[in-house]
Each structure stands twice: as structure tokens, then as C-alpha cells.
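Here's a quick walk through one model, aimed at anyone who likes to look at charges and burial before setting anything up. Have a look at the structure first, then read on.

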Amino acid sequence: MSARANALSMPVDDTAIEKLVDEAIAAAPDCLRRRIILPAIDWSEVSPSKVAVLLSTLAQSRLAVPRWLSKLLLLAGHALPEDVEPTLTPGLVALNRINCAGGASQQREALSGMLPGLCADEQLEGDVATILVQKFAALGWDAEAARLALAQQHRVPGILKRVGKALGAHIERLPNVRLRLTGSSTTQTLADEFKPAFAAKGWRADVMQADFGTMLADLMRPAEDADAHIVLLDLEGFAAQDWRRPAADAFALLTERANNLAAALREFSTRSQAPLLINTIPVPAAPTAGFLDRSHTMGLRRAVDLINRHILDTADQSNHIIVIDADQALADLPVREQSDSKLWYYGRIAYSADAARMLARAFADAWSVLKCGPAKVLAVDFDNTLWGGVYGDDGVEALACGEDFPGNAFRALQAECLRLRQQGLLLVALSKNNPDAITAFQRHAGMLLQPDDFAASAINWEPKPENIRRVAAELNLGLESFVFLDDSPHEREAMRRLCPEVSVPEMPADPAERPLWLRRLTSTWPLRLTAEDETRAALYAARREAQNAKAGAVNFEDYLNGLEQRLAVSLVSKKTLPRVVQMHQRTNQFNLTTLRSTEADISALIESEARGMALVGRVRDKFGDHGLVVTATVEITGTEAVVQSLLMSCRVIGREIERAFLGALIEELKRRGVTRVSGDYIATRKNAMVKDFYASCGWQPAGGDEARSGWVFNIGDMESPQSRFVALDWEA
């Protein structure tokens, strides 16, 4: 060995290294400018006193601590002065505070307030997230460690291990969902990923896997003990190509398989009332017909398109089949990495570990939206959110919004707001500004949004959490229906602390990233779209006009008379069924039983006139058409009937529509020979407003308690409720 090589391999004395670090700290300004030595130091081996000298040296040279150096120091466990925090990301701020905390209980409370933001932060760096979880766990803050690890596990592999045994205990305390999993290949890896993916959404997934190769049979004989059925589909497992067959025969066989799958899905819909979630087959990693892959019968892509079309068409006919777009779910993973050949040949596992994790998250997202419902309201800030600049400081002419950068990025976000408005979300203006800031939408030529696009607004200098509560009351919607967008991290954190029910995603700092980010926000994704969704904003505009009329009326009766209301009642048909099902899933306040009836439930009830009926009512007044807003389902047995559900949109509450509708329902039951009708009020956290509804309509109490009370109406002995303020029409 040469003397030089021997010298290079000799261990360096600790004292020498310490001396080198001291010299680097002394020369910190120069090292910082040239970005040398300082990045190579293991700062976990450097004492806090020497770090203090480093920071002091930089301050004396009037040099700010760069973010990369701050991150190195924080990851090494050092604390930084509070005045450095404005330059840090939210993750590093949290790390700085936990480094300062030392396990103090008051600091735990403060950091818990930051936790929702960290969980929602898609920009949180993996190493920062991992250290945060590790520190939470070391301090015994198990809940915080588990929540953050579960929220970030889809982005940071291995982070769950940092929680330790506390993770299992945390998941065990969550409400369970029983999942029946079947597929065209091995489903074990997806089943394994369901546990953390569903836990991130607040559920403990209890997975029951069907036997290998039994997918179609499992669909046609669905298990009854499942809350949801999930189908994992892949091309090779479902329809492997036989290259000895002529192309035409092979394609005919593929078509037959796709038809069989569609038939099995339809059979499932008739036999089960549980939701079924199935993925489409993703784009193949390589073609089998080259440039002709999408058009020729030997093309893999054509086969994928054919199968996916059958799935989508079948789901379109069923309200409880939800299709997961695999290409969208796997969009962040290159196609070649979506499968692992070794896994396939070893165990017929169709998707790679990363792909299985992403698919599990997509299934969990869909389940969460299904149970909680998509957002109904998008509350949006103005300055530096919908436009660039500050209205009060810069003036309307200087605001950035238009065809050129950066105004085109803000304009694109406005376009996304309009897209969501067309899909049924209400837009709410929530801005700390003078009230005339709303006129900027009319006065600035680059704006896409207009003042009338907002269903409500709160533009003042009051705290935004107070304003959003006021708007929620005005719209008769719960805070959990709201998504809040604001460029300010302080406003976002204040909203999370004071209105934890509101969804507050972490909006990217760069305006250019926001339009696509908003499009990918799954809490705004609809599971179904109805004609009512497209007109919802107009319906609320009509409601606002009616409220203005109420404010100007001499008394309440004058107001109701002036509305010129007409209620058109009809039996639920195939055309109106999707809207009726949607109302059952989404209505919380004016809802007597909060029964979440599905399409299958209601279809079964109205199969025979002797078995039951479902009514729906459309309301019009002089301000416009409010659409289908009130509905009920009734089970009939001989001369007795039971009201299973009765619910109404909050858009027309307090206008005696409900009274007129109940009168129409009773008259229809009378026509069918029913003499006695009963119904329950089942209390929930949100439906106290209808506690006395039956009593107000003349029904008699039939026992029960605060949680559930029974009511009866004897047809013939009692007068049906009606309203002189609502003209009633029956529609065929």
C-alpha cells in the first residue's frame, strides 16, 4: 500500500475534527457565501453553544441563515431563534418548536394545532416528516405521531415504522369498515395497504379477501357481511392474450369476457345494497401492436379501452358502483414502475408496491367521500389568492389577473372555481378587505369570476372564522361542508384552530401550481353529477332574492304571499331517482330519520304500488326554479303506512313547503286505501330543527324519547296539513 493511500485510510483524530469545525464556524460568513464545509458538517455532533456562536457570527456579518442551513441544524436537533421562523417552511417551523419544547405540555397543545396543516401538506419534505414523527413518538405524543405518519405515508415510505407500537393501538380505536376484496389476480398487497390508507381517513379497515380466481362468482353472490366491496382489476389476470388464436377470435373472446364482467356487476347491483368500488385497468407499460395498439384488435390498449368502457357504462346505470380511475390514481408513478415483473411471475401480483399503495389511497379517498359527502362550498380569499396583489394597497388597475404571467395563473384558478361552481359547489367570497373589493371582478378586465358567481360573501375586517360561521348559518349548511382557500398560512392556521370542521388544504405558495392542485383536491370530487348540481348556484341566487324579499316584507304572511310558490309533486321515476338518492345521502338538517337510502333501497320500495311509494317535489317561485328539493319514502302494509324518510333541502326551509308536501303525501296514501300513517323522528347532531315537525302538522305522539319519538296520523279522523301559501300541482 502506498504512503498516500495509507494516509487516506487512517482515522482522523476527534480533536482535529473539532478544530476543523471551530475554524469553519469562525469563517462561517465566507463558507456560507461559497457554500463549502458547512453542508458537510454533522451538526448533531456539534454542541448548542457552538451553534449559537455560528448564528451570532452570521448575524454580525448581517447574513441571514439560509433555509438549507436552517434545515441541517433543525434536523440535527438544534433550536433556532424565533425571528428565523418566517423564512422556514411549516414543517421546519414545527421542528424548531418541538426542538425548543422539550416535552412541555403547553408546547404539545400548540403543536397539535399545527398538526392538521402538517397532515394536509403535500409539500412537506420526507426527511422533515420522518424526524417530526420520530420526535413525537420519542416524547410519547403517540396520537400526533400516528396521525402525521398515516397522513404522509403515501409520500414517505417507511414513515409508519417510526411510530412504533402506538400505531396499531391508534388504528384499533378507529371506527371499523368491513371490506370484501376480490380481484383478477393476487390481492394480498392491496389488502396490506388498506390498513394505513383507510386509517389516514379515520377508519379501521377489516379486510376479507375472496379466494383466488373467484372474482365473477363473488360479484354474482356478494357477501352480506361487508360494508363495501372492492374489486382489484388488471389486464393480465383478467384477460391474458392467447397468441395462437386468430386475432378476430381473440378479440371476440375478450369482448365476451368484458360482457361477463359487466353482467356480474349488474348482478351485484341487484343483489347487494352495499357500495362496490372497482378500478379501471391502467395504460399498459408496452404495446402489443406498436403504433396500432389503440386501434387494432391485437392491441393491448384497445383491449384496456374495451374493458374499461364496459365498466364505466355499467357503473353509469348503478348509483352504488364507484369507478376508480387507475390512470389518475397512479399519475405520479411512471407506467413502467406501476408493475413489478418479479412480483407477477412470483405470485401473480399485478401491481408494484408503490402502485398498490397509491391504489389503496384512491379506494380510501372514494370511501371517505362516499361516507362524508363531497364538499358543498368553496370559500375563497381575494388578495394573492384569486388575484395577484392587494386591492386596498395596489388599486384595482394593478391587480394581476389576465392573459400574461403571473396574472394568467390567478385567472386559471378563477376558471377552476367556475368549474367547481358548475359541478354544484357554492362559491363564497371570504376576504379581509373593504366591502367594495367585490367590485374588482367587474372593474378589472382580466377577471373571469363576477360578483354574482358568489352565493354569499363576507368582505370585511372581521376574523375569517367568525365570518365563515355567519355564512354557514346564512346558507343553512354545516361547516364540514366548507373548503377554505387562502394564500396566508396564518389565516389557514386560524381557521383550523377555530373552525376545525372546515377543510383547510395546504395551498401551494406558487400561484402557477394552484389550478392543477385544486383540480386534484379529492374532497371536491363528485361521485355523481345530476342536473340539480349544474343549477345549484342559480338556485341559491333565487333563494337570496327570496330572502331579500323577506327582509322587505311588512310581515311574514305578506312575504309568503309575495313568493307565489308552486309545489309540483310526483312519484319518483327513473329520471328523478338519482337526485332523490343524492338528497338522501347529503341532507342532514331537515331530515326526520337521516336514513341514507340507496338506489337499490328506493327501487325495491317502489316496485309495487301496494308495497310502498316515493314522492319528490319541485318548487318554483317568482324568483326562479329551486329544483327538486323535497322527498319522502313510505312503506305500505295493507291499510297502514310508515314514513321511512322525509327530507328537504335547506334552500326552501321555513316557507311551508314541507307542510304542503306532507299534505300531498297523506292524500296519495288515502287514495291507495291507507287509513293510518306513522313516522319517527330520530335525533342526530344536526336535525334538531325538525324535532317538532310532525306535531306542528297535527300528528299525535306515539311514544319514544328524546332520541327517537314516534308519531301517528289517522286519515279520515284528522285534517291533512296544507298551506295557503303554496299552490300544489301533481305531475305525471
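Let's start with P463, which is partly exposed, its relative accessible area being 34%. This is a predicted model, by the way. P463 sits in the loop between β8 (454-460) and α22 (464-475). Its C-alpha atom is 8.8 Å from that of E491, although the two residues are 28 residues apart along the chain.

**Salt bridges**

On to the charges. Side chains of opposite charge can pair when their charged atoms come close. In this model there are 41 salt bridges. Here are three of them:

| Pair | N to O distance |
|---|---|
| E125 and R67 | 3.4 Å |
| R294 and D305 | 2.9 Å |
| D625 and R618 | 3.2 Å |

How exposed are the partners in the D625 and R618 pair? D625 is partly exposed at 31% relative accessibility, and R618 is partly exposed too, with a relative accessible area of 22%. Elsewhere, R67, K71, E125 and D127 are joined into one network by salt bridges that share partners.

Back to E125 and R67, whose side chains meet in a salt bridge. This pair ties together distant parts of the chain, 58 residues apart: E125 lies in the loop between α7 (105-120) and α8 (126-138), while R67 belongs to helix α5 (residues 67-75). E125 counts as partly exposed, with a relative accessible area of 22%, and R67 does as well, at 33% relative accessibility.

Then there's the bridge between R294 and D305. That pair also links distant parts of the chain, with R294 in the loop between β4 (276-279) and α15 (300-316) and D305 in helix α15, 11 residues apart. D305 is partly exposed, at a relative accessible area of 27%.

**A negative patch**

D13, D14, D42 and E45 form a negative surface patch. Of these, D13 is found in the loop between α1 (3-9) and α2 (14-26), and it is partly exposed at 49% relative accessibility.

**Two helices**

Which helix is largely enclosed by the rest of the structure? That's α9 (residues 142-152), because eight of its 11 residues are buried. Among them are E144, A145, L148 and Q152.

Helix α14 (residues 247-271) has 25 residues, so at 1.5 Å a residue it should span 36 Å, and its end C-alpha atoms are indeed 36 Å apart. Its buried residues include A250, F251, L254, A258, L261, L265 and F268. As a reminder, an α-helix has 3.6 residues a turn, so residues three or four places apart point the same way.

Note on methods
Residues numbered from 1 in each chain as written. Predicted model: local features only at pLDDT ≥ 70, side-chain atom pairs only at ≥ 80, totals over all residues. Heavy atoms only, no water. Patch = residues over 30% accessible without salt bridge, like charges linked within 9 Å, V, L, I, M, F, W, Y side chains within 5 Å. Areas by Shrake-Rupley, 256 points an atom, 1.4 Å probe, with all protein chains shown as cover. Salt bridge = Lys/Arg side-chain N within 4 Å of Asp/Glu carboxyl O. Lys, Arg positive; Asp, Glu negative; His and termini not counted. Charge placed at Lys NZ, Arg CZ, Asp CG, Glu CD. Helix = DSSP H or I, 4+ residues; strand = E, 2+ residues; numbered from the N terminus. Buried < 20%, exposed > 50% of the residue type's maximum accessible area, 1.4 Å probe, protein only. Expected span 1.5 Å × (residues − 1).
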